[in-house]
Amino acid sequence: MSAPVPEYNPLRELSPQDLRAHAAEALTRARARSVALTDAVDDEDLVRQHSKLMSPLVWDLAHIGSQEELWLVRDVGGREALRPDIDDIYDAFQHARADRPELPLLSPAEARRYVREVRDKAFDVLEKVPLEGRRITDSAFAFGMITQHEQQHDETMLATHQLRTGDPVLSAPEPPRAPAGGYPAEVLVPGGPFVMGTTAEPWALDNERPAHEVVVDAFFLDTTPVTCGAYVEFLESGGYAEERWWSPAGWRYRTEHGITAPRFWKRAQDGWWRTRFGVHERVPAAEPVVHVSFHEAEAYAAWAGKRLPTEAEWEKAARFDPASGRSRRYPWGDEDPTAEHANLGQRHLRPAEAGAYPAGASPLGVRQLIGDVWEWTSTDFHGYPGFAAFPYREYSEVFFGPEYKVLRGGSFGTDAAAVRGTFRNWDYPIRRQIFSGFRCARDPLPGEVA
Ligand SMILES: [Fe+2]
């Protein structure tokens, strides 16, 4: 490769005052979403456990405040603890989600007051603390980390909304349709090295670091995520009944749990239906499939004669610009996502049709890598070469290992603050209450690539 082009740091040019305003705006947007998600239901609903997989919404709300207090008020601000007595209750490592309803949780009114008090103090810290000199405050990192933490819990709360039964309580406009005009079903990603991960991105989390060169062989990647229509073909051809498409672990999971379709789908006499945030609707053929496990994604790919992309392949397709040899922050370039680029931030309550968001395509023409659905990759979650836990091991290092698969790109329920070309999510391969979908990759046929 020619001389490496430096990575772009979007916050480098900001004055301390503008940096503070940027962090405050990000925190405020996250809080507006947390409030909207918890105000949408009554108190009884807030304390109820809608699924063993999830916490009661009121736990998430107070946990958001608890993490903010721990990092922004106590660590960065060096202030007194507001509520040291509740640290344990809201420590995600102390109590499994299934057990959280039995804890002496703050009531909805107490939780709301608590997060407001913490936020007031955090804003006071943001005004006064120097934003340099300590790694945790450089470029307002701690404020970015806490923003992302809140947005991640907002997405989890959105998944809880999807699991709750009852009438719809959330609404949003429909996402854009896919524009007319064709695009190839798959694109060729050239072989060779590219820069994976990041060193310069100021709010990137420890597991995205450092930037390092990775060599990826040439491969083909689907231009869009796999649609519900394509997935129905797999279903209707008996894909769930044929062991040959499934890995041994996948087949065991499928049979033991009686999995016969994506989560929230039901077969009726006139085809497939699903429930989406309380709305019963026909499965939309043109939309990316969502709520599938890694095992289902892998089985579909085998049935289609393809495979899931590795994490490095996904990131190369999303970031590599063949013209400059440089890795971008996003498929479309270095600028932050707008409504034209990607379906993010719960702006819509569903993925957009496959082929939507042409302005968000990568230089190679791959669409919807950011937003719409989290995409399963075939890669286990591990640290990059040179990984160093920061600011605490429990953020990601304790999850490294073969039990978790990496997901990339964010969903319609992910805020722009909590996803980028380098962002890594991870989950158990059986999980599907998350907004997970996938796209397929394949190796070139002999002689197909010069
Ligand atoms: Fe958390």
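Nine helices and 14 strands make up the secondary structure of this protein, and I should say at once that what we are looking at is a predicted model. The radius of gyration is 22 Å, close to the 22 Å that the globule rule gives for 450 residues, and the protein is therefore as compact as a globular protein of that length. If you follow the C-alpha trace along its principal axes, it spans about 65 × 60 × 40 Å.

Turning to the interior, buried residues account for 45% of the 450 residues. As for the contacts with a separation of 6 or more, 78% of them join residues that are 24 or more positions apart in the chain.

Now I would like to take one pair of helices in detail, namely H3, which covers residues 57–76, and H4, which covers residues 108–128. How are these two helices, H3 and H4, oriented relative to each other? They pack at an angle of about 25°, their axes lying 9 Å apart, and because angles under 35 degrees count as roughly parallel, that is how we describe H3 and H4. The crossing in which H3 passes H4 is left-handed.

On the H3 side, the residues that make this contact include Val58, Leu61, Ile64, Gly65, Glu68, Glu69 and Leu72, while H4 contributes, among others, Pro108, Ala111, Tyr114, Val118, Lys121 and Val125. Sorted by class, the contact between H3 and H4 comprises 14 nonpolar residues, one polar residue and three charged ones.

How values were computed
Residues numbered from 1 in each chain as written. Predicted model: local features only at pLDDT ≥ 70, side-chain atom pairs only at ≥ 80, totals over all residues. Helix = DSSP H or I, 4+ residues; strand = E, 2+ residues; numbered from the N terminus. Rg over C-alpha atoms; globule rule 2.2 N^0.38 Å. Buried ≥ 20, exposed ≤ 12 C-beta atoms within 10 Å, placed from the backbone. Contact = placed C-beta atoms within 7 Å. Axes fitted to C-alpha atoms, helices over the stretch in contact; angles between N-to-C directions. Parallel < 35°, antiparallel > 145°, perpendicular 65-115°, else oblique. Left-handed = near helix turned anticlockwise from the far one by under 90°. Nonpolar A, V, L, I, M, F, W, Y, C, P; charged D, E, K, R; others polar.
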